[in-house]
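Here's a quick briefing to read with the structure open. It goes chain by chain, then turns to the interface and the core.

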Amino acid sequence: MQTQPLLREGRARSLAAFYLATMRTAIATQLQYRVANYFYMLGMVAEPVIYLVVWSAIARSNGGSVDGITPGQFAAYYIVWTLVRNMNIVFGAPFWEWRIRQGELSGQLLRPLHPLHYDLAYFAGWKVVVVGLWVPIALALSAIFHPDLHPSGLQIGVFVVAIWGAYLIRSMFQSTIGMLNFWTTRGAAVFDLYMTAELLLSGRLVPLRLMPGWVQTLATYTPFKWTFSFPIEALAGAPSTRTLLLGLAQQLLWAVIGLGLFSVAWRSAIRRFSAVGG
Amino acid sequence: MNVLRVGWLYLKVGVLNELQYRVNFFVQLFQSLIQVGTGLVVLSLVYSHTQELNGWRESELLSLLGVQILLGGVIHTFIQPNMEKLMEDVQQGTLDYALTKPEDAQLLISVRQVRFWQLVEVISGLVLLVVGLTGTRSSVGVLDGLAFVLALGLGAVLVYCFWLIVTIGAFWIVRMEHVLELFEGIYQTGRWPVGVYPGWLRYSLTFLVPVAFAVTVPAEAVTSRLHALTLLGACGFAAVLLVFTRWLWRIGLRRYSGASA
């Protein structure tokens, strides 16, 4: 009777130790590849800068704003976007293909922990490096585009939690889609379709307010909105306390749904796996 | 002329190789449809909020999008696969295999791979271009057409040089795999006329990363906005960049120590 809770505590503690150790490894590894990380980031920053420039041009030609959004607010939206996007990068679906094809998975299956733990921990550690490298980019973008950003203390607090919520949700759904690789070697077309849906429904392309009404309605029923629009608007918009807290609850809900979907997909996927190399 | 013959042979072998994987055609077609669909959605979104973007109407921007996708197809078919292979070879020391052949090494590393099915992108770009052009009021003259073909060819040369210059960096910085994301990101700026961008960015997109020359200039040619001087400038710029790339390639090679050294 006494041993059961103790065992559980031991498991939680060793899991925490595993996460910390993996994160430390990720930080140490990624710090060595600063140039490679910067290449990646600069390529990534091009995307929001394009959106920002185009929409600012439209705002100016419309006499100062588009649907009430000024260039300064666009700047705030897309600069916060860059941090959210960095937090959003996860062990994506295409990497599952690589992992299976190269035989990496065989070795990982022999470990006592599920590979998902490793992905979550490694990418979480990587974020520490990424956010550090992001700061100068954000300062440069702010100096150029003059964002109109005045968050309250609560907004900052919710934002800090929400970017991790976005990270979890995106990890779960990307991994679930990644399970397709157990059935086909040509998942790329499906990933493209998925990424396009995300682009249009998440607020990644434009603030969702600029979308037609039915798209906005559709977006509330997908996980995408909670990985881009919600964290960005939490910091750059003017949301009510109620919206902020309800949003966090929604994020939790989507993370749990994602985890559920992943577990179901994983269970039938892993039966299809036949080892390659090792 | 031996150079051309070797290039042609490599191209043929590459195409034959790719023709074995026919399903890839349908995958590529599907991906191109998604790409074009997304582009159209973005355009209609932008033009639901404005009539004109920096003097370009919707049909004209559609032509620009067509040119960008078309040239992107050329890059993905001929340029990018070779540059990826070069990066990998430098990283693993297997560039020896290309260097020990009697033909010019820069030629060999530029023609080793062809991703034939990516040509679907060229076709979808052409379709967009034609649809865009039928929507514009002015007709396209023979001279405009010739200028377009010339400008597009120059664009391909400029992009080749830029890609190779960046890839040569692998001789110094070995881990270069993210450079692909960097290039893809920057190439997306070509979806919009270069005039939209603020001054400093416009100049770097024109001269540092020649996306403007590669995409905007051909699109200007078919929408009758091109000055002869710009085209002449593009010719000169391409020539200078080719020579510079050749010089840098030689310098870079000196840094290469091979797998067995």
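Let's start with how chain B is wired: among its contacts between residues at least 6 apart in sequence, 83% join residues at least 24 apart. In chain A, 82% of the contacts between residues at least 6 apart join residues at least 24 apart. Bear in mind that this is a predicted model, with an ipTM of 0.84 and a pTM of 0.87 for the complex, as given by the predictor.

**Confidence**

- Chain A has an average pLDDT of 90, and 95% of the residues score at least 70.
- Within chain A, the element with the lowest mean pLDDT is helix H1 (residues 3–32), at 81. The highest mean belongs to helix H10 (residues 229–236) of chain A, at 96.
- For chain B the average pLDDT is 88, with 98% of the residues at 70 or above.

**Chain A**

- Chain A has 11 helices and 0 strands, so to speak of its pattern is just to read α-α-α-α-α-α-α-α-α-α-α from the N terminus on.- Along its principal axes, the C-alpha trace of chain A spans about 65 × 45 × 40 Å.
- The radius of gyration of chain A is 20 Å, which agrees with the value near 19 Å for a compact globule of 278 residues.
- Of those 278 residues in chain A, 41% count as buried.

**Chain B**

- Chain B also comes out as helices, with 11 of them and 0 strands, and its pattern along the sequence is α-α-α-α-α-α-α-α-α-α-α.
- With a radius of gyration of 19 Å, close to the 18 Å from the globule rule for 261 residues, chain B is as compact as a globular protein of that length.
- Taken along the principal axes, the C-alpha atoms of chain B fill a box of roughly 60 × 40 × 35 Å.
- Buried residues account for 40% of the 261 residues in chain B.
- Helix H1 (residues 2–19) of chain B has 18 residues and reaches 26 Å from its first C-alpha to its last, close to the 26 Å expected at 1.5 Å a residue.
- H1(B) is hardly covered, with a count of 1 buried residue among its 18.

**Where the chains touch**

- The contact between the chains involves 29 residues of chain B and 29 residues of chain A.
- On the chain B side, the elements that give two or more residues are helix H2 (23–47) and helix H8 (179–187).
- H2(B) provides the largest share of that side, with 10 residues.
- Sorted by class, the side of chain B that touches chain A has 16 nonpolar, 9 polar and 4 charged residues.

**The nonpolar core**

- The largest nonpolar core has 136 residues, and those touching the most other members are Leu52(A), Val54(A), Trp55(A), Val80(A), Val84(A) and Leu158(B).
- The element giving the most to this core is helix H3 (residues 58–92) of chain B, with 16 residues.
- As a general backdrop, nonpolar side chains tend to be buried together in soluble globular proteins.
- If you want one spot to zoom in on, try Leu158(B): leaving aside its neighbours within four places in sequence, Leu158(B) is in contact with Pro210(B), Phe213(B), Ala214(B), Ala238(B) and Leu241(B).

Notes. Residues are numbered from 1 along each chain as its sequence is written. Chains are lettered from A and ligands numbered from 1 in the order in which they are written. This is a predicted model: local features need pLDDT of at least 70, side-chain atom pairs count only at pLDDT 80 or more; totals for chains, interfaces and linings use all residues. A nonpolar core is a set of buried Ala, Val, Leu, Ile, Met, Phe, Trp, Tyr and Cys residues joined through C-beta atoms within 7 Å. A residue is buried if 20 or more other C-beta atoms lie within 10 Å of its own, exposed if 12 or fewer, and partly exposed in between; C-beta atoms are placed from the backbone. Helices (H or I, at least four residues) and strands (E, at least two) are DSSP runs, numbered from the N terminus. Two residues are in contact if their C-beta atoms, placed from the backbone, lie within 7 Å. Ala, Val, Leu, Ile, Met, Phe, Trp, Tyr, Cys and Pro count as nonpolar, Asp, Glu, Lys and Arg as charged, and the others, Gly among them, as polar. pLDDT is the predictor's confidence in each residue, from 0 to 100. The radius of gyration is taken over C-alpha atoms; the globule rule is 2.2 Å times the number of residues to the power 0.38. The expected span of a helix is 1.5 Å times one less than its number of residues.
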